[in-house]
Amino acid sequence: MVPTDNTQTVVVVGLGEVGMPLFELISKHYRAAGVDISRPAVEVHRVDFMHVCYRFQIESFVDEVTRYIERFRPGLTIINSTVPVGTTRAIAQRTTAAVVHSPVRGKQLRMREELPRYTKFVGATDRVTAE
């Protein structure tokens, strides 16, 4: 994301090995809220972007992401988790929301240092969301 102004709000769901470094980087340029096991410390009303950063191996990844989309109503949801083919489409169809997949690649042990230099690939389910 290229900062355009500080009025955009970003929520990062899952503050583990990927989510916490991403949250720290994003919060330098945007209003950001982190969500993990507990609710965010600040009240979040309007969300422009939501990053999903938790493991696919939870009981129902699609259901859980759907609940977060319904709760925050982001303009765009970015799934940073490694997920099977068809997961992004299933979430987009269930929620009718803009959802893209952009998995984090690289060594997670050096995520804080390397994340700003990563090349991010983004896969969308349709042309409008991709743009």
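Is Asp-63 buried, partly exposed or exposed, and at what relative accessibility? In this predicted model, Asp-63 counts as partly exposed, at 29% relative accessibility.

**Salt bridge between two helices**

The side chain of Asp-63 meets that of Arg-94 in a salt bridge, with an N to O distance of 2.2 Å. This pair joins distant parts of the chain, as Asp-63 belongs to helix α2 (residues 61-72) and Arg-94 to helix α3 (residues 87-95), 31 residues apart. Arg-94 is likewise partly exposed, its relative accessible area being 48%.

**Salt bridge within helix α2**

A salt bridge also forms between Arg-67 and Glu-64, whose closest N and O atoms lie 2.6 Å apart. Because these two residues are three positions apart in helix α2, about one helical turn separates Arg-67 from Glu-64. Arg-67 is partly exposed at 46% relative accessibility, and Glu-64 is partly exposed at 23%.

**Salt bridge with a buried acid**

Asp-48 pairs with Arg-46, the closest N and O atoms being 2.6 Å apart. Asp-48 has a relative accessibility of 18% and therefore counts as buried, the cut-off being under 20%. Its partner Arg-46 is partly exposed, with a relative accessible area of 45%.

**Summary of the pairs**

The structure holds three salt bridges, listed below.

| Acidic residue | Basic residue | N to O distance |
|---|---|---|
| Asp-48 | Arg-46 | 2.6 Å |
| Asp-63 | Arg-94 | 2.2 Å |
| Glu-64 | Arg-67 | 2.6 Å |

Notes: Residues numbered from 1 in each chain as written. Predicted model: local features only at pLDDT ≥ 70, side-chain atom pairs only at ≥ 80, totals over all residues. Heavy atoms only, no water. Salt bridge = Lys/Arg side-chain N within 4 Å of Asp/Glu carboxyl O. Buried < 20%, exposed > 50% of the residue type's maximum accessible area, 1.4 Å probe, protein only. Helix = DSSP H or I, 4+ residues; strand = E, 2+ residues; numbered from the N terminus.
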